[in-house]
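Open the model in your viewer and keep the sequence panel beside it. Each stop below gives a selection and what to look for there.

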Amino acid sequence: MIRHFLNLSDAGPDAIAAMLADALDRKNARAGWPKGKVDADAPLAGRVLAMIFEKNSTRTRVSFDMAIRQLGGTSIVMDAGSMQLGRGESIADTARVLSGYVDAIMIRTDDHAKVVEMAQYATVPVINGLTDASHPCQIMADMLTIIDSGRSLPGLKVAWLGDGNNVLASIAEAAGLMHFDVVAACPQGFQPSEEDLALGKGRARCVASPHEAVEGADVIVTDTWISMGQAHAETKLDAMMPYQVTPALMASARPDAVFLHCLPAHRGEEVTADVIDGPQSLIWAEAENRLHAQKSILRWCFGQIG
């Protein structure tokens, strides 16, 4: 049976725990190594990953490229505009064709229905590198960062500030699977859907007050307020400003609370510079952990984990 990674629930809690443990072990085993050196066991030697980008990318592009290389495989990077996909070839036909050339497909796109269709017609694993509905690879890296900082996921309180977007949806899903709590503070008109909160299986809720969300929190998370191609930026920025992560807001959380942001960040908008560059920020470890998490996602897709 083909293993697709479109959302966290495709793997489930036991496999997620196994992937996180594998990612941490592999990260520690590589300490001090050159980035281009292949892992000692080269578990994906001979495998080829096709990466399709319909949205701009830095971390997803580089982390997946380096992930497959460190595992012993290779990658092909394609922008949709330079493919026949950009000239009207269907997702289904693209999936069928690529399945004959490569061993797995990662796609970063807008409409979640596209990755669902890709998985429906592909005969190789398909990985969701980001859609408008979810960002499971990012949340795998976030959970890895939390564990790597010495914390355990069960029982944690995670506070989300700002837009009720795709990243929050995947955090809520992770909360339901891995038994931590998420309290999101979002302005009127920008709250997550009831369906997204329901992914948390009773462990995700939304409030109006930023201070209520962060009170006693172990982890504070935010994201850029204006996504690629999003309209009405000025109106949205005005609504979001009370939800900016500041030192004063961080002070309402636990003293040892940490700050996460999936990047790119806009200092002075969703977070102040002194928070994102401060001692509680784990954003650079979080960004690096995209690589380590991606490696274990790939291994799970190929049946080597779980």
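Select glutamine 84. Is this residue buried, partly exposed or exposed? Its relative accessibility is 44%. Buried ends under 20% and exposed starts over 50%, so glutamine 84 counts as partly exposed. The model is a predicted one, and every value on this tour is computed from it.

Stay with glutamine 84 and look along the backbone. The residue sits in the loop between β2 (74-79) and α3 (91-99). Now add threonine 94 and draw a distance between the two C-alpha atoms. The pair lies 10 residues apart along the chain, and the C-alpha separation is 8.3 Å.

**Strands β1 and β2**

From that loop, step back to β2 and bring in its partner. Strand β1 covers residues 48-53. β1 and β2 run parallel and are paired over 6 bridges. For one position to centre on, pick isoleucine 52 in β1: methionine 78 of β2 stands opposite.

How many residues of β1 are buried? The count is 6 of 6, so β1 is largely enclosed by the rest of the structure. Colour the two faces separately. One side carries Val48, Ala50 and Ile52. The other carries Leu49, Met51 and Phe53. Both faces are covered, with every one of these side positions buried.

**Strands β3 and β4**

Next, select residues 104-108 and 126-130. These are β3 and β4. The two strands run parallel, joined by 4 bridges. Zoom to isoleucine 107, whose bridge partner in β4 is asparagine 128. β4 is mostly covered too, with 5 of its 5 residues buried.

**Proline 136**

Keep asparagine 128 on screen and select proline 136. Asparagine 128 is among the residues this proline touches. Show the rest of the contact set: Phe5, Leu6, Asn7, Leu8 and Ser170 belong to it as well, with residues up to four places away in sequence left out. Proline 136 is found in helix α5, which covers residues 136-148.

How buried is it? Proline 136 has a relative accessible area of 0%. The cut-off for buried is under 20%, so proline 136 is buried. Now draw a C-alpha distance to asparagine 7. The two residues are 129 apart along the chain, yet their C-alpha atoms are separated by 5.5 Å.

**Aspartate 22**

Move to helix α1, residues 13-29, and pick aspartate 22. This acidic residue is buried, at 14% relative accessible area. Which residues does aspartate 22 contact beyond its neighbours within four places in sequence? They are Ser296, Arg299 and Ile305. Display all three as sticks together with aspartate 22.

**Backbone outliers to check**

Three loop positions call for a look at torsions. Start with alanine 42, in the loop between α1 and β1. Its phi is near 40 degrees, a positive value in a residue other than glycine. Alanine 42 counts as partly exposed, at 23% relative accessibility.

Then go to histidine 179. Where does it sit? The place is the loop between α6 (166-178) and β6 (181-185). Histidine 179 also has a positive phi without being glycine, near 65 degrees. At 44% relative accessibility, histidine 179 is partly exposed.

Finish the torsions at proline 264. The peptide bond that reaches it from leucine 263 is cis, with omega near 5 degrees. Proline 264 belongs to the loop between β9 (258-261) and α11 (273-276).

**Zoom out**

Clear the selection and show the whole chain as a cartoon. There are 12 helices and 9 strands. The radius of gyration is 19 Å, close to the 19 Å given by the globule rule for 306 residues, so the chain is as compact as a globular protein of that length. Along its principal axes, the C-alpha trace spans about 55 × 45 × 35 Å.

Switch to a surface. The accessible area comes to about 12500 Å², and carbon and sulfur atoms hold 52% of it. Of the 306 residues, 55% count as buried. In a contact map, restrict the view to separations of 6 or more: residues 24 or more positions apart account for 72% of those contacts.

Last, colour by charge. The chain has 26 positive and 37 negative charges, and their mean positions are 7 Å apart.

Technical notes. Residues are numbered from 1 along each chain as its sequence is written. This is a predicted model: local features need pLDDT of at least 70, side-chain atom pairs count only at pLDDT 80 or more; totals for chains, interfaces and linings use all residues. Side-chain values use heavy atoms; hydrogens and water are left out. The radius of gyration is taken over C-alpha atoms; the globule rule is 2.2 Å times the number of residues to the power 0.38. Buried means under 20% relative accessible area, exposed over 50%, partly exposed in between (1.4 Å probe, protein chains only). Contact means heavy atoms within 4.5 Å. Accessible areas come from the Shrake-Rupley method with a 1.4 Å probe; for residues, only the protein chains shown count as cover. Lys and Arg count as positive and Asp and Glu as negative; His and the chain ends are not counted. The place of a charge is taken as NZ of Lys, CZ of Arg, CG of Asp or CD of Glu. Two strands pair if DSSP finds at least two bridges between them.
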